[in-house]
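Got your viewer ready? Let's take a walk through this one, one selection at a time.

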Amino acid sequence: MDYKIRTWPDKILKQKTKEITYFDDKLKTYTDIMFQKMYQEEGVGLAANQIGIPYQILVIDTNIRKYESQEDEDGVKLALVNPKIVHKEGEIESTEGCLSFPGVQITIPRAERVKVIAKDIEGKDIEIDTDGFLAIVLQHEIDHLNGIPFINYLPPVKKRMVLNKYLKNIKQSTKAK
Ligand SMILES: [Zn+2]
């Protein structure tokens with residue numbers, strides 16, 4: 001299978017991914033491929049459906065791009081299975097890009113703090129209560145697993161503008177090939 005990055009408007013990015021019920025070697029393989037792909041593309045996070053895997057898996061490594069306010073802190077490397085946000089608190093503005101929307105960078109509202117429950121790849125429970133950059137990445141990637149693209153947080157008129165420009169750009173770059 002070809003695990004290339006899926007870009008909008010690929011259908012798989014609009015669908016809710018399936019829950020993992022077996023914590024087996026296949027899951028480990030998926031996770032390895034996802035980390036590899038994420039490092040290749042220099043992303044800080046990747047949801048499985050972004051490379052065509054229709055399951056609730058995400059990987060994050062915030063060492064890749066340290067947040068300005070946390071430069072002295074070590075980043076976090078995580079693989080989460082079936083992650084769910086169970087609590088949100090506060091609101092902040094977040095400027096984000098997305099590997100599935102090349103060239104798009106937008107500022108949208110996000111919760112400042114989140115609590116996430118998930119499993120690790122062995123099926124053990126994980127609970128993360130965090131704010132700052134990691135909280136933003138978690139929200140972005142968990143949205144992907146639920147079929148929600150980050151442009152959905154823009155007001156309708158702005159969303160249409162951003163999308164039209166993006167679609168025009170990818171049409172041009174396809175023609176150029
Ligand atoms: Zn994304």
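Keep in mind that this is a predicted model. Start by selecting strand S7, residues 125-131: Ile126, Ile128 and Thr130 make up its covered face, while Asp125, Glu127, Asp129 and Asp131 sit on the uncovered one. There's a general pattern behind that, since side chains in a regular strand alternate between the two faces of the sheet.

Now add strand S6, residues 113-119. S6 and S7 pair in the antiparallel sense, over 7 bridges. To see one spot along that pairing, pick Val114, which stands opposite Thr130 in S7. The two strands form a hairpin with 5 residues between them. Click on Gly123 in the turn and you'll find a positive phi of about 95 degrees.

**On to the helix**

Next, select helix H2, residues 132-145. H2 has 14 residues and reaches 21 Å from its first C-alpha to its last, close to the 20 Å expected at 1.5 Å a residue. Is H2 mostly covered or uncovered? Mostly covered: 14 of its 14 residues are buried. Step past the end of H2 to Gly147, whose phi is positive too, near 75 degrees.

**The zinc ion**

Which residues hold the zinc ion? Show Cys98, His140 and His144: the ion is coordinated by SG of Cys98 and by NE2 of each of the two histidines, at 2.0 to 2.2 Å. Along the chain, these donors follow the spacing C-x41-H-x3-H. Cys98 lies in the loop between strand S4 (92-97) and strand S5 (105-110), whereas His140 is in H2, so this pair ties together parts that are 42 residues apart in sequence. As for the two histidines, remember that an α-helix has 3.6 residues a turn, so residues three or four places apart point the same way. Colour by accessibility if you like: Cys98 is buried, with a relative accessible area of 10%, and His140 is buried as well, at 8%.

**Next door in the loop**

Stay in the loop between S4 and S5 and select Ser100. Its relative accessible area is 0%, so Ser100 counts as buried. Leaving out residues up to four places away in sequence, Ser100 touches Ile5, Arg6, Thr7, Trp8, Leu13, Gln50, His144 and Tyr166. One of these, His144, you have just met at the zinc ion.

**The aromatic rings**

How many aromatic pairs does a search of the whole structure find? The count is 5. Pick Trp8 and Phe101 for a start: their ring centres are 5.3 Å apart and their planes at 20 degrees, so the pair is stacked. Trp8 lies in the segment before helix H1 (25-40) and Phe101 in the loop between S4 and S5, so the pair ties together parts that are 93 residues apart in sequence.

Keep Phe101 and bring in Tyr166. Here the ring centres are also 5.3 Å apart, but the planes are at 50 degrees, so this pair is tilted. Tyr166 belongs to helix H3 (residues 156-176), so its pairing with Phe101 ties together parts that are 65 residues apart in sequence. Both rings belong to buried residues: Phe101 has a relative accessible area of 1% and Tyr166 one of 2%. Add Phe150 to the selection, and you have the cluster that ring pairs make of Trp8, Phe101, Phe150 and Tyr166.

**Two last stops**

Go back to Trp8 and show Lys14, whose charged end sits over the Trp8 ring, 5.0 Å from its centre. Then finish at Phe35, where Lys77 lies over the face of the ring, at 4.6 Å from the ring centre.

Methods: Residues numbered from 1 in each chain as written. Predicted model: local features only at pLDDT ≥ 70, side-chain atom pairs only at ≥ 80, totals over all residues. Heavy atoms only, no water. Donors = N, O, S within 2.8 Å, 3.2 Å for Na, K, Ca; no water. Helix = DSSP H or I, 4+ residues; strand = E, 2+ residues; numbered from the N terminus. Buried < 20%, exposed > 50% of the residue type's maximum accessible area, 1.4 Å probe, protein only. Expected span 1.5 Å × (residues − 1). Pairing = 2+ DSSP bridges. Phe/Tyr/Trp six-rings, centres within 6.5 Å; stacked < 30°, edge-to-face > 60°. Lys NZ or Arg CZ within 6 Å of the ring centre and 35° of its normal. Contact = heavy atoms within 4.5 Å.
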